[in-house]
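Colleague: I am new to this structure. Could you take me through it by question and answer?

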Amino acid sequence: MIAIIDYGMGNLRSVSKALEHVGVEYVITDNADVIQDSTAILLPGVGAFPKAMKELHDRGLITLIREQAHMGKPILGICLGMQLLFESSEEIEPTEGLGLLPGTIRKIPAGRKIPHMGWNNLQKRKDSPLLKDVQDGAYVYYVHSFYADCPEEVIDAGSEYGVFAPGVVSKGNIFGAQFHPEKSSEIGLKMLQNFKELVTC
């Protein structure tokens, strides 16, 4: 059972529908016991980084997520949820993140329309369980104004948009997708299927 964390800022309906499509059992919850009993965690998110961290803090979920990560439980962050996995963000005000991945969330440089919204091709940097059977150059759907400035070692794939924006990141049991797999047609569903296989293998 995958626990989709509900902290008031997630696109829960579209994510849950996509998981149903690939046959994933899930529960939408902010209950600590349910999250602890889950086989994996999915952290969605839409909105601003500081407010998201406050919502997680107010629900007592920050320490819990960190503990589950350190125990080796697979965690997948989507869009803002991916950004929360990093050490910090510059959005609105300097804010500490979950610190599960090295790097800082920064604003996409001026010169391109912001937000980066729509389809863009995904350039692979290295193999990743999420990218199994996903072709280099496949198109995925983005909606974001900030990107992860992070070490090359955690970048699995990304897209050019005035800057190279990491689209898929990972380190051990921690995974993130900056784009929306649930809105990325068959490619996105394949990635969610890959996460399912990762969790159940």
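Colleague: Is Glu-182 buried or exposed?

Modeller: This is a predicted model. The relative accessible area of Glu-182 is 14%. Buried means under 20%, so Glu-182 counts as buried.

Colleague: In which loop is Glu-182 found?

Modeller: Glu-182 is not on its own in that part of the chain, as Gln-178 lies in the loop between strand 14 and helix 6 too. Helix 6 covers residues 185-200 and strand 14 covers 174-177. Glu-182 is found in the loop between strand 14 and helix 6.

Colleague: Which residue has a side chain joined to that of Glu-182 by a polar contact of 2.8 Å?

Modeller: Leaving out residues up to four places away in sequence, Glu-182 touches Asn-11, Ser-14, Val-15, Ala-18 and Ile-78. The side-chain polar contact of 2.8 Å joins Glu-182 to His-180.

Colleague: Which residues does UniProt list for "active site"?

Modeller: The UniProt entry is an unreviewed one. The residues listed there spread over 104 residues of sequence, yet they cluster in space, with a largest C-alpha distance of 10.7 Å. Under "active site", UniProt lists Cys-79, His-180 and Glu-182.

Colleague: Of these residues, which does the lining of the largest pocket include?

Modeller: The candidates are the three names that UniProt lists, Cys-79, His-180 and Glu-182. Of these, the lining of the largest pocket includes Cys-79 and His-180.

Colleague: What is the relative accessibility of Cys-79?

Modeller: Cys-79 has its place in the loop between strand 4 (75-78) and helix 5 (80-84). Not counting residues up to four places away in sequence, Cys-79 touches Gly-45, Val-143, Ala-177, Gln-178, Phe-179 and His-180. Cys-79 counts as buried, because its relative accessibility is 7%.

Colleague: Which residue has a side chain in a polar contact of 3.0 Å with that of Gln-178?

Modeller: Gln-178 is buried, with a relative accessible area of 0%. Beyond its neighbours within four places in sequence, Gln-178 is in contact with residues including Cys-79, Met-82, Gln-83, Tyr-142 and His-144. The polar contact of 3.0 Å joins the side chain of Gln-178 to that of Gln-83.

Colleague: In what sense do strand 4 and strand 14 pair?

Modeller: One facing pair is Ile-78 and Ala-177, the latter in strand 14. Strand 14 is covered on both faces: Ile-174 and Gly-176 are buried on one side, Phe-175 and Ala-177 on the other. Over four bridges, strand 4 and strand 14 pair in the parallel sense.

Colleague: Which residue in the hairpin of strand 13 and strand 14 takes a positive phi?

Modeller: Strand 13 and strand 14 run antiparallel and are joined by four bridges. Lys-171 stands opposite Ile-174 in strand 14. The hairpin has two residues between the strands, and the positive phi, near 65°, belongs to Gly-172.

Colleague: Which are the edge strands of the open sheet with the order 6-5-7-11?

Modeller: This open sheet has four strands with mixed pairing. Strand 7 and strand 11 run antiparallel and are joined by four bridges, and Lys-107 has Phe-146 in strand 11 as its bridge partner. An edge strand here pairs on one side only, and the edge strands are strand 6 (95-96) and strand 11.

Colleague: How many residues does the largest nonpolar core have?

Modeller: Ile-5, Tyr-7, Leu-56, Leu-84 and Leu-98 have the most contacts inside this core. Elements that each supply at least two of its residues include strand 1 (2-5), helix 3 and helix 4 (62-70). Leu-56 is in contact with Ile-5, Tyr-7 and Leu-84, among others, leaving aside neighbours within four places in sequence. The largest nonpolar core has 34 residues.

Colleague: Which residue follows helix 3 and has a positive phi?

Modeller: Helix 3 covers residues 49-58, and its buried residues include Phe-49, Met-53 and Leu-56. The residue that follows helix 3 has a phi near 70°, and it is Gly-60.

Colleague: Is Gln-123 buried or partly exposed?

Modeller: Gln-123 is found in strand 9 (residues 123-124). Its contacts beyond four places in sequence include Asp-136, Asp-156 and Phe-164. The relative accessible area of Gln-123 is 27%, so Gln-123 is partly exposed.

Technical notes: Residues are numbered from 1 along each chain as its sequence is written. This is a predicted model: local features need pLDDT of at least 70, side-chain atom pairs count only at pLDDT 80 or more; totals for chains, interfaces and linings use all residues. Side-chain values use heavy atoms; hydrogens and water are left out. UniProt positions are given in the numbering used here, feature names are shortened, and annotations may be inferred rather than shown by experiment. On a 1 Å grid over the protein atoms alone, a cavity is a set of points where a 1.4 Å probe fits but cannot get out, and a pocket is an open set with protein on both sides within 12 Å along at least five of seven lines; lining residues have an atom within 4 Å of a point. Buried means under 20% relative accessible area, exposed over 50%, partly exposed in between (1.4 Å probe, protein chains only). Contact means heavy atoms within 4.5 Å. A polar contact is a pair of N or O atoms within 3.5 Å; within protein, one must be able to donate a hydrogen and the other to accept it, and residues adjacent in sequence count only if both atoms are side-chain atoms. A nonpolar core is a set of buried Ala, Val, Leu, Ile, Met, Phe, Trp, Tyr and Cys residues joined through side-chain atoms within 4.5 Å. Two strands pair if DSSP finds at least two bridges between them.
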